[in-house]
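Work through the following exercises with the sequence and the structure open beside you. Each task is followed by a solution that proceeds step by step.

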Amino acid sequence: MQKFLAVLKREYKKVVFTWTFVITTFLMPLIASAFVLVPLLIFSIEGESTRIAIADLNGSVAPRLRQNLSPEKIAEKARQAAKESLSDFSASQDEKMKRSAEQLGGTFTFVPYDPAGKSPEKIQTELRERIGKNELDAFLIIPKDIGARDREYGYFSRKAGDFVINSTLQDALNEAVRSQRLAEANISEDLLKDLGRKVNFTIKPLTETGEIKEDDSGPWAAFVVAMLIYVVLAIYGQAIMSAIVEEKETRISEVLFSSARPFELMMGKLVGVGLAGLTQLAIWLTTVAAFVGFGLASAAASGLDVALPTITVSMVVYFLVFFLLGYFIFATIYALIGSMVTNMQEGGQFALPPILLLLVGLYFCFAVIRDPNSSFAFWVSVAPFFAPIVMPVRILADTPPFWQIALAVLLNGAAIVGLTWAASRVYRVGMLMYGKRATIPEVWKWIRQS
Amino acid sequence: MDENKVTLKADSITKSFGDFTAVDSLSFEASAGRIFGFLGPNGAGKTTTIRMIVGITVPDEGRIDLFGRKISPALQDRIGYLPEERGLYKKMKVSDQLRYFAALKGVAAREADKRIDEWLGRMDLSDWKEKKTTDLSKGMQQKVQFISTMLHDPDLLILDEPFSGLDPINVEFMKEIIAETKSKDKTIIFSTHMMDTAEKLCDDILLINKSKKVVSGSLREIKESYGKNVVSLRCTGGEEVLADESLAAKVIDHADEKEVFLAKGADAQNLLGKLVGSGAQITKFQLIEPSLNDIFIEKIRG
């Protein structure tokens, strides 16, 4: 026991007391949030106001357009867009892009221009000249007959690449032209708005027993959790493998085996690295919770209605249990691989299958989030190898009956016992085999014989 | 060998890997206060035998007793083992490394710190205490590893080729420490294929080849049993006498002298008389024992 603790302490310190650990632990959340924040920041850098001249051949669109482009109108639209993007995660990339453009808006300065009596060609020449003198950034030509189908609304701009400005202007113009057409057809815009409003489609999640659930923010929280488990399992499984390969490569195992029992050495390593992983996970989860809390608070402050996922103590306990189950399953697999191979390159090749197992588990989560009560969700959430990732997600999405959770713990616990038994045998023999990689039949023999 | 001081006793131990028998019913004894030379060519089964003594592997047959008890994990704390294949954690500081190995041998942290400082001072490595292995030269790494085998003050010290890679000054230094350990009545097993080193250090030897015992016993007795049948000769001329195979079975030329192995039944006096008669100028004519190296080569070549 004392030697086990000595090994545990060394392995824990070796992982935690390094710059790599400090950097990944504290920088990863920063980098992750940077992925979200930096684009927002970049877009929110307000460009200079676009100086635009409107050549309205029709005569009645320009006032409406100017009104639509007023700062108050743009701000209101931005808020609307923000709300929509929060409530709809499945929007396409294109739509998201458009929405974030809408959230930002652009500002315009109107340069007066009187097109009266001039031909479109003449207008173009005149205004292009003014752009050349840097009095203008862009101009828009609104055709005379806005009712016709094939009319072109030419937007000429030095800043044609600014998609924020483009999309703001396009939206405002569409609205202005539509309003004008409605007015010409004698239809009140208010009436049309009233008739055309969307139905109030409300999702009412039910529990297994048919009761209405209070909140429905579980799924996305569940996905974050699944990702975290996946990342930590992949990182620490590899860490175990490289630690074992190092001892084998440097022949330290010879001295270690003459000092302590191989089983103690292996378990000390697994538990020590596992605790290090748990430390990192705890820091990450706290950070995520803080960020989410902060994000939700600021969203709520700006008048958006976002539900907080309800996280109970039992959920945290389940999460820890399944994380540990997953860790020990994958760590023993990696330990087994580490004692078979002679160097990290060889180890890398063998590390692929367990990574694939993890990935498949991660993909199963999507199906489980969509339908947490299907029989498919039941099987993958109790099956060894997949349960550690899938079950916590299922618990968050829609907590299954307790017996299913217990079954998952039992099955995976049994898998760990079996794997540890096999891995300790392979470790004992493999660590003293230098020079050549063990073949699968050899490994099988070690497991059966020793 | 003083029977009362026998600390390690192997009784016909056998170890096989598949069809290959690495150690074949080997028996030997090692005693406290003596250096036991464990000799044999590469692949003879030395490392396999040592691994069974230190408890890394278990013999298929036979039994090993250490300090009067059957070997067990509990006895590992009383053994210090310096394997031939050396290794330290690359990115760990010397001090942390030594603390870890001491903890694995059951030495309390405070006691370990005290001993680490003592040993590093003695080995002239104090300035390197907080450095990582990768910053150390090969020789320094060897010394650090040697310290790690000594930290728990083992009663049985097993050194497998301890001098390889060390410069002559450090070899001498290491020999001093081995001698000091011996004087503390510890048992030392010294495994090597460097015969002249073994000859100078060992009290007892065990020579194995192809998994089997070839010779064992006190070095003195073994050498005496071979008798004095070699002449260390320095002379000019007399070539035709030395070419006579009824007198000299084999002549080895060294830089400035010859080693003459007398033929069976040949007499040293007779050889000397013939050499003088042939007019050779003799400056040295000494009857000597065969070296351990000679015995080794004769026994291994069969």
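**Exercise 1: A pair of charged side chains**

Lys14(A) has a relative accessible area of 30% and is therefore partly exposed. The model in which this value was computed is a predicted one.

Task: Find out which kind of interaction joins the side chains of Lys14(A) and Glu11(A), and whether Glu11(A) is buried or exposed.

Solution: Begin with the general idea that side chains of opposite charge can pair when their charged atoms come close. Next, take the distance from N to O, which is 3.4 Å for Lys14(A) and Glu11(A); since the cut-off for a salt bridge is 4 Å, this pair meets in a salt bridge. Then look at the positions along the chain: the two residues lie three apart in helix α1 of chain A, so that about one helical turn separates them. Finally, consider the accessibility of the partner: Glu11(A) has a relative accessible area of 0% and is therefore buried. The pair also belongs to a wider network of salt bridges, which links Arg10(A), Glu11(A), Lys14(A), Glu247(A) and Lys269(A).

**Exercise 2: Two further pairs**

Task: For the salt bridge of Glu264(A) with Arg261(A), and for that of Arg63(B) with Asp65(B), decide which partner is buried and which is partly exposed, using the rule that buried means under 20% relative accessible area.

Solution: In the pair from chain A, the closest N and O atoms are 4.0 Å apart. Glu264(A), at 12%, is buried, while Arg261(A), at 47%, is partly exposed. In the pair from chain B, the closest N and O atoms are 2.9 Å apart. Here Asp65(B), at 17%, counts as buried, whereas Arg63(B), at 39%, counts as partly exposed.

**Exercise 3: Where the chains meet**

Task: Describe the interface of chain A and chain B, starting with the question of how many residues of each chain are in contact.

Solution: First, count the residues: 20 of chain A are in contact with 24 of chain B. Second, turn to the area buried between the two chains, which is about 2100 Å², with carbon and sulfur atoms giving 59% of it. In chain A, the residues that lose the most area to chain B are Arg10(A), Glu254(A) and Ser258(A), which together account for 27% of what that side buries. Third, look for charged pairs: the rule finds three salt bridges across the interface, including the one between Lys3(A) and Asp77(B), whose closest N and O atoms are 2.7 Å apart. Last, name the helices: α1 (2-16), α9 (218-249) and α10 (252-257) of chain A each supply at least two residues of the side that touches chain B.

Methods. Residues are numbered from 1 along each chain as its sequence is written. Chains are lettered from A and ligands numbered from 1 in the order in which they are written. This is a predicted model: local features need pLDDT of at least 70, side-chain atom pairs count only at pLDDT 80 or more; totals for chains, interfaces and linings use all residues. Side-chain values use heavy atoms; hydrogens and water are left out. Contact means heavy atoms within 4.5 Å. Buried area is the accessible area (1.4 Å probe) that two parts lose on being put together, summed over both. Helices (H or I, at least four residues) and strands (E, at least two) are DSSP runs, numbered from the N terminus. Buried means under 20% relative accessible area, exposed over 50%, partly exposed in between (1.4 Å probe, protein chains only).
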